[in-house]
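Morning, everyone. Have the sequence and the structure open while I talk. I'll keep this short.

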Amino acid sequence: YEMTANTRLESRMSGQTSWVQIPALLNNLPDYYPYRLLDFGCGRNWPAIEKHLRMKKCKPVGYGPYWLPNVSLEWLMVLQNWAEFEVITCCNVLNVQPDDEHIEDIVQTIIQDLAGPETLVYFQVYERNKSGIVERTRDGYQQNKPLDAYFKAIQKYGVIAGVNRGKHYVSCKKQRVQRVSSLSPVKTSV
């Protein structure tokens with residue numbers, strides 16, 4: 001068995017830290033137009049999340065190697081080339097990684113391999129106590145980093161991060177990042 005970049009990334013995703021609830025970010029996505037959405041690291045609650053997103057007129061695809069083992073990164077890349085995801089969400093995935101290398105692998109995969117030039121990407125993290133001290137939890141890890149600490153990984157792949165501190169998320173595009181006060185997409189010229 002050869003460990004490829006994609007299988008290495010899949011082995012780094014934590015299957016035990018999934019919350020059984022819909023992330024706040026997904027509750028606040030606009031529902032005024034249908035769009036193709038990839039929820040990267042969707043977790044064990046994917047059936048409820050998928051139903052929620054379909055009610056918002058999204059065309060959702062979930063990715064989580066533990067909870068949706070039939071969806072591979074290779075398949076997502078083929079799908080992305082066929083019909084670009086308009087939105088990619090990554091909710092509460094970066095903050096449960098054991099180290100910065102794991103975080104960078106996930107950000108790199110999303111920004112470089114899955115996001116198209118017009119894809120709006122949202123990273124949501126749980127900041128917890130913001131101490132920056134990684135803690136081992138019952139089911140994995142908790143980074144305890146403030147949102148700003150994730151910017152380095154996001155900026156490394158050609159994106160300057162904007163932030164709405166009240167919602168604990170970063171939204172960005174490959175070429176330009178948008179500072180947002182709500183989760184409504186903002187049109188910008190690139």
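**D100 and its partners**

Let's start at one residue. Leaving aside neighbours within four places in sequence, D100 is in contact with Q143 and K145. A reminder before I go on: this is a predicted model.

Where does D100 sit? It lies in helix α5. Its relative accessibility is 45%, so D100 counts as partly exposed.

Now the contact with K145. The side chain of D100 makes a polar contact with the side chain of K145, at 2.3 Å. The pair also meets in a salt bridge, 2.3 Å from N to O. Look at where the two ends come from. K145 is in the loop between β6 (141-142) and α6 (151-155), while D100 is in helix α5. They are 45 residues apart, and the pair links distant parts of the chain.

Is K145 buried or exposed? K145 counts as buried, at 12% relative accessibility. D100, at 45%, is partly exposed. That bridge therefore joins a buried lysine to a partly exposed aspartate.

One more distance from D100. K152 is 52 residues away in sequence, yet the C-alpha atoms of D100 and K152 are 9.7 Å apart in space.

**Other salt bridges**

How many salt bridges does a search of the whole structure find? Six. I'll show two besides the D100 pair.

Take E127 and K130. They form a salt bridge, with the closest N and O atoms 3.7 Å apart. E127 is buried, at 8% relative accessible area. K130 is partly exposed, at 46%.

Next, E135 and R128. This is also a salt bridge, and here the closest N and O atoms are 2.4 Å apart. E135 has a relative accessible area of 26%, which makes it partly exposed. R128 is partly exposed too, at 42%.

**Helix α4 against helix α5**

Stay with α5, but turn to its packing. Helix α4 covers residues 73-82, and helix α5 covers residues 100-114. They pack at an angle of about 35°. Their axes are 10 Å apart.

Which residues make the contact? From α4, they are L73, L76, M77 and Q80. From α5, they are T109, D113 and L114. By type, these contact residues divide into four nonpolar, two polar and one charged.

Pick out Q80. It lies in helix α4. At 9% relative accessibility, Q80 counts as buried. Set aside its neighbours within four places in sequence, and Q80 is in contact with F85, L114, A115, G116 and T119. L114 is one of the α5 residues I just listed.

**The cysteines**

You'll want to know about disulfides. A disulfide is a covalent bond between the sulfur atoms of two cysteines. How many does this model have? The count comes to zero.

Look at C90. It is in no disulfide, and the nearest cysteine sulfur, that of C91, is 7.1 Å away. The cut-off is 2.5 Å between sulfurs, so the pair does not qualify. C90 is buried, at 1% relative accessible area.

Now C91. It is in no disulfide either, and its nearest cysteine sulfur is that of C90, at 7.1 Å. C91 is buried as well, with a relative accessible area of 6%.

**F151 in helix α6**

A quick stop at F151. Its place is in helix α6. F151 counts as buried, with 14% relative accessibility. Along the chain, F151 and V170 are 19 residues apart. Their C-alpha atoms are separated by 8.6 Å.

**The whole chain**

Last, step back. The protein has six helices and eight strands. From the N terminus on, the elements run α-α-β-α-β-α-β-α-β-β-β-α-β-β.

What share of the 190 residues counts as buried? The figure is 52%.

And the contacts? Take those between residues at least 6 apart in sequence. Of these, 62% join residues at least 24 apart. The D100 and K145 bridge, with its ends 45 residues apart, is one link between distant parts of the chain.

That's the tour. Over to you.

Technical notes:
Residues are numbered from 1 along each chain as its sequence is written. This is a predicted model: local features need pLDDT of at least 70, side-chain atom pairs count only at pLDDT 80 or more; totals for chains, interfaces and linings use all residues. Side-chain values use heavy atoms; hydrogens and water are left out. Axes are lines fitted to C-alpha atoms, for helices over the stretch in contact, and angles run from 0 to 180 degrees between N-to-C directions. Helices (H or I, at least four residues) and strands (E, at least two) are DSSP runs, numbered from the N terminus. Contact means heavy atoms within 4.5 Å. Ala, Val, Leu, Ile, Met, Phe, Trp, Tyr, Cys and Pro count as nonpolar, Asp, Glu, Lys and Arg as charged, and the others, Gly among them, as polar. Buried means under 20% relative accessible area, exposed over 50%, partly exposed in between (1.4 Å probe, protein chains only). A polar contact is a pair of N or O atoms within 3.5 Å; within protein, one must be able to donate a hydrogen and the other to accept it, and residues adjacent in sequence count only if both atoms are side-chain atoms. A salt bridge is a side-chain nitrogen of Lys or Arg within 4 Å of a carboxyl oxygen of Asp or Glu.
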